Amino acid sequence: MEEQDWAQVVAAATRAPSIHNTQPWRFVARPDRLELFLDPDRALPVLDPSARQQVISCGTALEFAVVALAARGWEAEVEELPDAAEPTHLAGVRITPGGEPSADDRALAAAIDHRHTVRAPFEARTVPDDLVQRLQAGARAFGTWLKPITRSEEEVATVFLISRAEEMEQGDPAYLAELEGWLRTDPTAVDGVPIGAVPSGDPHERASNWLIRDFVAGQREQHAFRAAGDPAAPPPEVERPAVVLMGTDGDDRAAWLRSGRALGRVLLQLTSAGLVASPLTQALDWPATRTRMQSRLSLVGHPQMLLRLGYPRQPEPDAPPPAVSGRRPVGDVLRFEPAG
Ligand SMILES: Cc1cc2nc3c(=O)[nH]c(=O)nc-3n(C[C@H](O)[C@H](O)[C@H](O)COP(=O)(O)O)c2cc1C
């Protein structure tokens, strides 16, 4: 494949979500191969010392590349962790000409540019079971499982562990300093989380048990129907997210990479069905809450990602467009090498 085509495929890959929008990836392209590396310079030593969430992020970028290749008529053969001596070398992708892309291939690739993390409240509309089942099948293809949190005792336990983790995080100066380092007020920033993409904390805007990660220290939003301000104001509409937990049997780099690939597929399937998502990974950041989640939900295996899914609300007619997270230029993350 020509360099300019690789640049487009890698641009699509970098649209992937990543923890704190760190974009912890590097790519090397040759005419018939793409290599993916974890970039340790973009690590989060406090939040993610094992790099688990960064490897997941890279796995999602890998799957976005595979989807972008399929839509261009290339078949991708992925070799995960191809070099045992080099753990940052996460994958090699060999491409061969494939057939005509299917309508599904095109729809998934078209979803890449439309997907964004949506932390705002969702519509009060239930996510259909058959869609959740399709997402489960998509995740299974990568050896991961997707468990909807539907039973009320599971929901109570999960909500509790998320708020426990948030509390620990908000009391940890090192965590807060690291988070602040990735929060961006400049709308043209090429990485990090734009302040306009995180909830303002107005309790009238949200009625949900599910606590979004608090990106702005001190503005912690309250969950669960807090009465505030004008008592005559109508109560906020209750959102009805589906919350799904992704997990794996193992808990090593291979399992994290596969979780990321599954996450990439699931998010694109969801986007092409008109839904949106936001990860809620606070409870999985810390070994203590992560292990408690395993036992409280009787999980066989390891939780890797918790996702809140739903239908986006229609924006108010005069509302400013939502802030979109930036990406580094492709030239910063992609290097070309000759064949062989
Ligand atoms: C492994 C992983 C964990 C994440 N955890 C959270 C989280 O706990 N809370 C949250 O609001 N967003 C979370 N995100 C979403 C990122 O902040 C988001 O992908 C990034 O800011 C880029 O924005 P975009 O997804 O809109 O492109 C996570 C993303 C990944 C890949």
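Q: Ala, Val, Leu, Ile, Met, Phe, Trp, Tyr, Cys and Pro count as nonpolar, Asp, Glu, Lys and Arg as charged, and the others, Gly among them, as polar. How do the residues of the shell around the ligand divide into these kinds?
A: This is a predicted model, where local features need pLDDT of at least 70, side-chain atom pairs count only at pLDDT 80 or more, and totals for chains, interfaces and linings use all residues. Residues are numbered from 1 along each chain as its sequence is written, and side-chain values use heavy atoms, with hydrogens and water left out. The shell holds 20 residues, each with a heavy atom within 4 Å of the ligand. They divide into seven nonpolar, nine polar and four charged.

Q: Which residues are the closest to the ligand?
A: Start from the 20 residues that surround the ligand. Five of them are named as the closest: Arg115, Thr117, Arg119, Thr281 and Arg327.

Q: From which domains does the shell draw at least three residues each?
A: The domain bounds come from an automatic or database assignment. One domain has two pieces, 3-115 and 330-336, and the other runs over 129-310. At least three shell residues come from each of these, domain 1 and domain 2.

Q: How far is an oxygen atom of the ligand from an N or O atom in the side chain of Thr117?
A: A pair of N or O atoms within 3.5 Å makes a polar contact. The backbone of Ser18 offers such a pair with a ligand oxygen at 3.3 Å, and the side chain of Arg115 offers one at 2.8 Å. For the side chain of Thr117, the distance is 2.5 Å.

Q: How much of the ligand's accessible area does the protein cover?
A: Accessible areas come from the Shrake-Rupley method with a 1.4 Å probe. On its own, the ligand has 630 Å² of accessible area. The part covered by the protein is 98%.

Q: How far apart are the end C-alpha atoms of helix α2?
A: Helices here are DSSP runs (H or I, at least four residues), strands are runs of E (at least two), and both are numbered from the N terminus. Helix α2 covers residues 52-71, and the expected span is 1.5 Å times one less than the number of residues. That gives 28 Å for its 20 residues, which agrees with the distance in the model, 29 Å.

Q: How many of the residues of α2 are buried?
A: Buried means under 20% relative accessible area, exposed over 50%, and partly exposed in between (1.4 Å probe, protein chains only). Helix α2 is mostly covered, and Gly73, with a positive phi near 85°, follows it. Of the 20 residues in α2, the buried ones number 19.

Q: Is Ala139 buried or exposed?
A: Ala139 sits in helix α4, which spans residues 129-140. Arg134 has its place in that helix too, and its relative accessible area of 48% makes Arg134 partly exposed. For Ala139 the relative accessible area is 0%, so Ala139 is buried.

Q: What is the C-alpha separation of Arg134 and Val266?
A: Along the chain, Arg134 and Val266 are 132 residues apart. In space, their C-alpha atoms are separated by 8.8 Å.

Q: Where does Leu81 lie?
A: Leu81 has a positive phi of about 45° although it is not a glycine. At a relative accessible area of 29%, Leu81 is partly exposed. Its place is the loop between β3 (74-80) and β4 (89-97).

Q: What is the relative accessibility of Ser298?
A: Ser298 is found in the loop between α9 (287-296) and β10 (302-310). Phi of Ser298 is positive, near 50°, in a residue other than glycine. Ser298 counts as exposed because its relative accessibility is 59%.

Q: How far apart in space are Pro317 and Phe160, C-alpha to C-alpha?
A: Pro317 is in the loop between β10 and α10 (330-333), and it is exposed, with a relative accessible area of 82%. In sequence, Pro317 and Phe160 are 157 residues apart. In space, they are apart by 36 Å.

Definitions and conventions: Polar contact = N/O pair within 3.5 Å; in protein donor to acceptor, adjacent residues only side chain to side chain.
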